[in-house]
Amino acid sequence: RVDVLGIPVSATTMAAALDRVDGWIATRVPHFVTFTGVHGVMESQSDPDLAEIHRRAGIVAPDGMPMVWAAHLAGQRDTTRVYGPDFMLAMAERAATKGYSSFFYGGREGVADQLVASLQERFPGFISVGTCCPPFRPLDPAEERDVVERIRSLAPDMIWVGLSTPKQERWMAEFVDRLDVPVLLGVGAAFDIHSGNLRQAPRWM
């Protein structure tokens, strides 16, 4: 890890992060992954709870180039950008090959279903066991129980969380020990990007 204003950003690469998730799925021990750029780091400066959530994460992926530059300045020259939308595609390809199952939590009504259709078209064999588009407001206790029971009954290997920062980080930290799922991944805008509802900046940018 590399300390970036108190946030322990993982000095990792795309390949290493993918392999780490493989290991968690094999052991079935729950972890969550944040994909953190300048926004997440700066939000954490005024929010000690969010900073602590990042410290609890199994991986704090360097989602933006400033995180990569900070790692390089700290001597971790092998660190590369691990951008959430790119990680989703790489992991989905691996999941289709290895038979991992996914659940999708977040996005506007219908977006997660569009995302699943896109991933299944792109990666034949990709397995989705369900989607959930939660209301924008906090869930009440009964709704929380319903979500937990549904996900536990479906037993996915991964949950992709698209609630935006910092909401998705709070959700993962709160539910990671209740869901019995090996990996929760907070990928935010990847839901809209890979469902075709949001254009990315050009690759050179």
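The buried residues of helix α3 are covered by several elements, including β2 (7-9), β3 (31-36), α2 (38-45), β4 (59-62) and α8 (167-175). This is a predicted model, and helix α3 is a convenient place to start reading it.

Helix α3 spans residues 48-56, and its buried residues are L50, A51, I53 and H54. Looking down the axis of α3, one finds these buried residues within an arc of 155°, so they line one face of the helix. The face turned away from that buried side carries P48 and D49, which are exposed. D49 also takes part in the capping of the helix: a side-chain oxygen of D47 lies 3.1 Å from the backbone nitrogen of D49, and in this way D47 caps the N-terminal end of α3.

Next come two strands. Strand β5 (residues 101-106) and strand β6 (residues 127-132) run parallel and are joined by 5 bridges. Within this pairing, S102 of the one strand stands opposite S128 in β6. To get from β5 to β6, the chain passes through helix α6 (residues 111-122), and this β-α-β crossover is right-handed.

Strand β5 also leads to the aromatic side chains. A pair of aromatic rings is described by the distance of the centres and the angle of the planes. The structure holds 6 aromatic pairs. One of them is formed by F104 and F191; it is edge-to-face, with 6.1 Å centre to centre and 70° between the planes. F104 lies in strand β5, whereas F191 lies in helix α9 (residues 190-194), so the pair ties together parts that are 87 residues apart in sequence. Are these two residues buried or exposed? F104 has a relative accessible area of 0% and is buried; F191 is buried too, with a relative accessible area of 2%.

Another aromatic pair, W171 and F175, is stacked, with 4.8 Å centre to centre and 25° between the planes. Both residues belong to helix α8, where they are 4 residues apart and therefore separated by about one helical turn. W171 is buried at a relative accessible area of 7%, and F175 counts as buried at 2% relative accessibility. Helix α8 has been met before, among the elements that cover the buried residues of α3. Elsewhere, F35, F87 and W160 form one aromatic cluster.

The loops are worth a look as well. T12 lies in the loop between β2 and α1 (14-27). Is T12 buried or exposed? T12 has a relative accessible area of 11%, so it is buried. Which residues is T12 in contact with, leaving aside its neighbours within four places in sequence? They are A17, P62, D78, T79, T80 and V82.

The loop between β7 (158-162) and α8 contains P166. A cis peptide bond joins T165 and P166, with omega at about 5°. S164 is found in the loop between β7 and α8 as well. Its phi is near 75°, a positive value in a residue other than glycine. S164 counts as partly exposed, at 41% relative accessibility.

A positive phi also occurs at L5, where the value is near 50° and the residue is again other than glycine. L5 is found in the loop between β1 (2-4) and β2, and at 54% relative accessibility L5 counts as exposed.

Notes
Residues numbered from 1 in each chain as written. Predicted model: local features only at pLDDT ≥ 70, side-chain atom pairs only at ≥ 80, totals over all residues. Heavy atoms only, no water. Buried < 20%, exposed > 50% of the residue type's maximum accessible area, 1.4 Å probe, protein only. Arc of directions from axis to C-beta. Contact = heavy atoms within 4.5 Å. Polar contact = N/O pair within 3.5 Å; in protein donor to acceptor, adjacent residues only side chain to side chain. Pairing = 2+ DSSP bridges. Right-handed = clockwise from strand over helix to strand, strands pointing away. Phe/Tyr/Trp six-rings, centres within 6.5 Å; stacked < 30°, edge-to-face > 60°.
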